Amino acid sequence: GKTKESEVSVEDRRLRVSIGISGWLTQKEDVVSPWRSLGRDTEVFALRWELDALMNLGTSMESVLKSYAWGVAKIEIIKRTIFGALSAALWPLSFLKFGKVLDNPFSIAKNRADKAGQVLADALINRAQGERPVVLVGYSLGARVIYACLQELAKRKAFGLVESAVLIGSPCPSEARFWRMMKSVVSGRLVNVYSENDYVLGFLYRTSSIQLGIAGLQPIDVSGVENVDVSELVSGHLRYQYLTGGILKRIGWEGVDEVEIEREAETIRLMDQEEEREAVEAAEKEMRVLRSRIKELEGMLAQQGIE
């Protein structure tokens, strides 16, 4: 029985620990599902944090993004750049009503992310993972958790605990001083994955300190930080959850599970088809509204002609 036992323990005591941190949830499985691609040469944990706050945010985001009004407003934003809209506070008026639905759940979840990051830093300092190096990967507010955790580790001069960190679509500042602090406690790769087309993140983050920049929308200018531009993949913030494996593969991550990446790609294909169908329906609806307005106007003009 002895060999069996040691075989099991070797398999369990893989060289490194990977912690995947989700950034919003539309269902409870979203805690785990984005991290299935993290591969076999690492022991993978999914961090469960503030499930209620993340469900709240996820359902608010979904309801807004599926609304007809958002589809129309989105077109206005895409005409400008997101940065243009952010820096000049030029959000279309039609966007601002979405703030009522999104701002509160986002700011609650953002505050909780900062607290979760401090708790995670404590756990790492207390060696909850044993003596093994840790890899942190997170998207959206999950990346905010990593940002807060690394800041805390840096303040406490806790070096050598984190091997690598990948922050995807981060709602946190891109300012160099923060990333220099973070780099000081990451011995290996520190990766910022961003998309210039992520208008949802831009909108959610618009009330924060925009002058410090937004990591999820732009490259970080700090030596040792890798920037990965996924603008052509990521139009909306809700996409990240289905792209984690593909993004990790793109940055040359070791041991990513190809089967899971293919599964992700299939999900995205179906989402694209669905979005296209919805866009066509929305356009047709808009045409019907326009036609009936034109008829009304013609009627009014005809009446005035009679008078």
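Here are a few short exercises on the structure above, each with a worked solution.

Before you start: this is a predicted model, where local features need pLDDT of at least 70, side-chain atom pairs count only at pLDDT 80 or more, and totals for chains, interfaces and linings use all residues. Residues are numbered from 1 along each chain as its sequence is written, and side-chain values use heavy atoms, with hydrogens and water left out.

**Exercise 1.** Work out how the protein is built overall: how many helices and strands are there, and what share of the residues is buried?

*Solution.* Start with the DSSP runs, numbered from the N terminus (helices are H or I with at least four residues, strands are E with at least two). That gives 10 helices and six strands. Next, burial: call a residue buried under 20% relative accessible area, exposed over 50%, and partly exposed in between (1.4 Å probe, protein chains only). Of the 307 residues, 45% are buried. Finally, take contacts, meaning heavy atoms within 4.5 Å. Among those between residues at least 6 apart in sequence, 79% join residues at least 24 apart.

**Exercise 2.** Find out where Glu50 and Lys157 sit, and what sign their phi angles have.

*Solution.* Keep the background in mind: most residues other than glycine have a negative phi. Glu50 isn't a glycine, yet its phi is positive, about 45 degrees. Look along the chain and you'll find Glu50 in the loop between strand E2 (42-46) and helix H2 (51-65). Its relative accessible area is 35%, so Glu50 counts as partly exposed. Now Lys157: phi is near 50 degrees, again a positive value in a residue other than glycine. Lys157 belongs to the loop between helix H6 (141-155) and strand E4 (162-168). Lys157 is exposed because its relative accessibility is 61%.

**Exercise 3.** Which residues form the positive patch, and which make the nonpolar one?

*Solution.* First, the rules. Patch members have over 30% relative accessible area and no salt bridge; like charges are joined within 9 Å, nonpolar side chains (Val, Leu, Ile, Met, Phe, Trp, Tyr) within 5 Å. A salt bridge puts a side-chain nitrogen of Lys or Arg within 4 Å of a carboxyl oxygen of Asp or Glu. The positive patch gathers Lys285, Arg288, Arg291 and Lys295 on the surface. Lys295 is in helix H10 (residues 258-306) and is exposed at 63% relative accessible area. The nonpolar patch, about 260 Å², comes from Met287, Leu290 and Ile294. Ile294 also lies in helix H10, and with 46% relative accessible area Ile294 is partly exposed.

Key:
Accessible areas come from the Shrake-Rupley method with a 1.4 Å probe; for residues, only the protein chains shown count as cover. Lys and Arg count as positive and Asp and Glu as negative; His and the chain ends are not counted. The place of a charge is taken as NZ of Lys, CZ of Arg, CG of Asp or CD of Glu.
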